[in-house]
Amino acid sequence: MTVKLLYFAWLRERIGKGEEVVEPPAGVTTVADLMGWLAGRGEEYAFAFENPVVIRAAIDRAHVRASAPVAGAKEVAFFPPMTGG
Amino acid sequence: MPATIRLQSADFDTGAEAASLVRGRTDIGAVVTFVGVCRGDEAGTPVAAMVLEHYPGMAEAEIARHVAAAEARWPLLGATIIHRHGRLVPGDNIVLVVTAASHRGDAFAAAEFLMDYLKTRAPFWKKVERADGASWVDAKSTDDAAADRWIDRRPAAE
């Protein structure tokens with residue numbers, strides 16, 4: 001599965017980039033799995049995903065829970081809780 | 001219902017936006033405008049500037065979902081939401097919500113509902129610049145509580 005990832009706010013800063021295309025292994029089936037896999041990709045990712053409970057996610061531009069399946073996702077975004085308005 | 005959603009770095013004209021919702025119509029009896037403004041302090045510390053980051057594409061889609069939810073809940077006759085992004089300084093406008101209805105109760109309630117959801121669900125993040133550096137603003141639990149009170153907990157109709 002090839003999927004585009006987007007990072008915002010301090011996640012983007014910690015990882016050092018705003019987007020990338022990745023090919024997670026077959027065992028990655030949920031958003032939580034994806035965060036766990038990403039955390040193992042290097043120090044910057046480990047730092048970004050050190051506390052996955054606080055990280056929000058969206059699949060194809062709609063909010064999802066960490067338990068959501070990633071199969072078929074074109075774009076997965078990770079970001080901290082929102083502070084707009 | 002006419003609905004306008006814009007994300008822009010430029011400022012907006014509150015009066016012009018409100019007037020354009022009403023122009024040519026006689027069914028509207030109430031127009032509520034809310035303007036969020038960049039404050040000169042954050043948690044008691046002076047702020048030099050604020051940088052608003054957003055998720056293009058999702059921000060518009062998420063706001064549109066909440067406008068649709070507001071329209072399903074109140075008899076609205078128009079709504080305009082403009083959210084700025086980029087670097088803003090204290091005193092600058094950040095966000096505009098305009099709601100129009102026949103009566104004020106619906107316009108007030110819908111405007112507050114839209115603002116509460118913009119705060120907690122629209123993909124925007126604020127970073128504040130102070131004399132001693134910059135940091136991301138933490139989400140407030142009071143904002144989550146404000147949004148949660150709109151959740152309809154009435155039992156579904158039989």
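Biologist: How many salt bridges does the rule find across the interface of chain A and chain B?
Modeller: This is a predicted model, in which local features need pLDDT of at least 70 and side-chain atom pairs count only at pLDDT 80 or more, while totals for chains, interfaces and linings use all residues. Residues are numbered from 1 along each chain as its sequence is written, chains are lettered from A and ligands numbered from 1 in the order in which they are written, and side-chain values use heavy atoms, with hydrogens and water left out. A salt bridge is here a side-chain nitrogen of Lys or Arg within 4 Å of a carboxyl oxygen of Asp or Glu. Across the interface of chain A and chain B, the number of salt bridges found by this rule is two.

Biologist: Which residue of chain A forms a salt bridge with B:E53?
Modeller: The closest N and O atoms of this salt bridge are 2.4 Å apart. B:E53 belongs to strand β5 (residues 49-54) of chain B and its partner to helix α1 of chain A, so the pair joins two chains; helices (H or I, at least four residues) and strands (E, at least two) are DSSP runs numbered from the N terminus. B:E53 is buried at 14% relative accessibility, where buried means under 20% relative accessible area, exposed over 50% and partly exposed in between (1.4 Å probe, protein chains only). The partner, partly exposed with a relative accessible area of 26%, is A:R12.

Biologist: Which residue of chain B meets A:E13 in a salt bridge?
Modeller: The side chains meet at 2.4 Å, N to O. The pair crosses between chains, from A:E13 in helix α1 of chain A to a residue in strand β9 (residues 124-130) of chain B. A:E13 is partly exposed at 37% relative accessibility, whereas a value of 19% makes the partner buried. That partner is B:K127.

Biologist: What area do chain A and chain B bury between them?
Modeller: The size of an interface is often given as the accessible area lost when the parts come together. Buried area is accordingly the accessible area (1.4 Å probe) that two parts lose on being put together, summed over both. The contact, meaning heavy atoms within 4.5 Å, takes 19 residues from chain A and 26 residues from chain B. Carbon and sulfur atoms account for 56% of the buried area, and the value for the two chains is about 1900 Å².

Biologist: Which residues of chain A lose the most area to chain B?
Modeller: Three residues stand out on this side of the contact. Together they supply 36% of what the side of chain A buries, and they are A:R61, A:T83 and A:G85.

Biologist: Which element gives the most to the side of chain A that touches chain B?
Modeller: The interface has 14 residue pairs in polar contact, both at pLDDT 80 or more; such a contact is a pair of N or O atoms within 3.5 Å, where within protein one must be able to donate a hydrogen and the other to accept it, and residues adjacent in sequence count only if both atoms are side-chain atoms. In chain A, α1 (9-15), β4 (62-64) and β5 (75-79) each supply at least two residues of the side that touches chain B. With four residues, the element that gives the most is α1(A).

Biologist: In β2(A), which residue is the bridge partner of A:V3?
Modeller: Strand β1 (residues 3-7) of chain A pairs with β2(A) in the antiparallel sense over four bridges, where pairing requires that DSSP finds at least two bridges between two strands. Along β2 (residues 19-22) of chain A the side chains alternate, with A:E19 and A:V21 pointing to one face and not buried, and A:E20 and the partner of A:V3 pointing to the other and buried. The bridge partner of A:V3 is A:V22.

Biologist: Which residue meets A:K4 in a salt bridge?
Modeller: The side chains of this pair meet at 3.7 Å, N to O. A:K4 lies in strand β1 of chain A and its partner in strand β2 of chain A, so the pair ties together parts that are 15 residues apart in sequence. A:K4 is partly exposed at 31% relative accessibility, and the partner, also partly exposed with a relative accessible area of 48%, is A:E19.

Biologist: What is the phi of A:A9?
Modeller: A:A9 lies in helix α1 of chain A and is buried at 1% relative accessibility. A:A9 is among the residues that B:E53 touches. Its phi is positive although the residue is other than glycine, with a value near 55 degrees.

Methods. Lists of a residue's contacts leave out its neighbours within four places in sequence.
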